[in-house]
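Open the model in your viewer and keep the selection panel at hand. The stops below go from a pocket to some backbone details.

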Amino acid sequence: AGKLFFEGDLVKGPEKGHAGPFCVLQNQFFRTQRVVWRVRVLDSDHKQVDEKGLKSLVAQLSDGTKVTLAFKSHPPKGKPSDYFWSGSWVIPEGHPTGTLTYKVIATDNQGKNQEWEPFKMHPSQLTVIAGNAPMEKAK
């Protein structure tokens with residue numbers, strides 16, 4: 001057990017009926033859109049930490065919402081181009097607008113926690129915006 005190093009971002013995830021493209025970096029989301037956390041965890045030797053090295057990895061929002069992240073291949077279908085931790089949350093229909101800070105909490109196999117937070121600047125935080133998400137055109 002030693003220090004862990006984190007890198008991560010937020011992307012728009014696929015949601016039935018919503019227009020793409022998906023897996024695009026962004027921090028502003030409409031209600032009913034899927035927010036995806038993508039996180040890489042490295043150990044002190046700069047080696048990636050997978051599901052064998054951590055008991056859990058969770059994104060915790062300032063409103064108390066917790067999103068469990070799983071270590072898996074990306075893209076999830078087809079030939080993988082990368083492996084990292086990810087998890088998603090669909091913003092509820094009536095969720096208030098505004099900025100939600102978040103942190104990612106790693107729990108190692110000995111039960112010790114280490115946290116990571118993105119920059120505390122507005123463009124780095126998750127923001128729920130008013131309006132409706134663009135929908136796919138009927139075919």
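Start with the lining of the largest pocket: its residues divide into 6 nonpolar, 6 polar and 5 charged. The model is predicted. The volume of this pocket is about 420 Å³. Of the 17 residues that line the pocket, select P14, C23, H74, P75 and P76, the closest to its centre.

Next, colour the strands β4 (34-42), β6 (66-74) and β7 (82-90), each of which supplies at least two residues of the lining. The largest share, 5 residues, comes from β7.

Now go to the backbone. Most residues other than glycine have a negative phi, and most peptide bonds are trans. The next four selections depart from that pattern.

Select H74 and P75: the peptide bond between them is cis, with omega near 0°. P75 sits in the loop between β6 and β7.

Move to G20 and P21, where the peptide bond is again cis, here with omega near 5°. The loop that holds P21 runs between β1 (5-13) and β2 (24-25).

Stay in the loop between β1 and β2 and select C23. C23 is not a glycine, yet its phi is positive, about 60°. Is C23 buried or exposed? With a relative accessible area of 52%, C23 is exposed, because the cut-off for that class is over 50%.

Finish at H46, in the loop between β4 and β5 (54-61). Its phi is also positive, near 65°, in a residue other than glycine. H46 counts as exposed, at 61% relative accessibility.

Key
Residues are numbered from 1 along each chain as its sequence is written. This is a predicted model: local features need pLDDT of at least 70, side-chain atom pairs count only at pLDDT 80 or more; totals for chains, interfaces and linings use all residues. Side-chain values use heavy atoms; hydrogens and water are left out. On a 1 Å grid over the protein atoms alone, a cavity is a set of points where a 1.4 Å probe fits but cannot get out, and a pocket is an open set with protein on both sides within 12 Å along at least five of seven lines; lining residues have an atom within 4 Å of a point. Grid points are joined across faces, edges and corners, and a volume is the space filled by probe spheres set on the points. Helices (H or I, at least four residues) and strands (E, at least two) are DSSP runs, numbered from the N terminus. Ala, Val, Leu, Ile, Met, Phe, Trp, Tyr, Cys and Pro count as nonpolar, Asp, Glu, Lys and Arg as charged, and the others, Gly among them, as polar. Buried means under 20% relative accessible area, exposed over 50%, partly exposed in between (1.4 Å probe, protein chains only).
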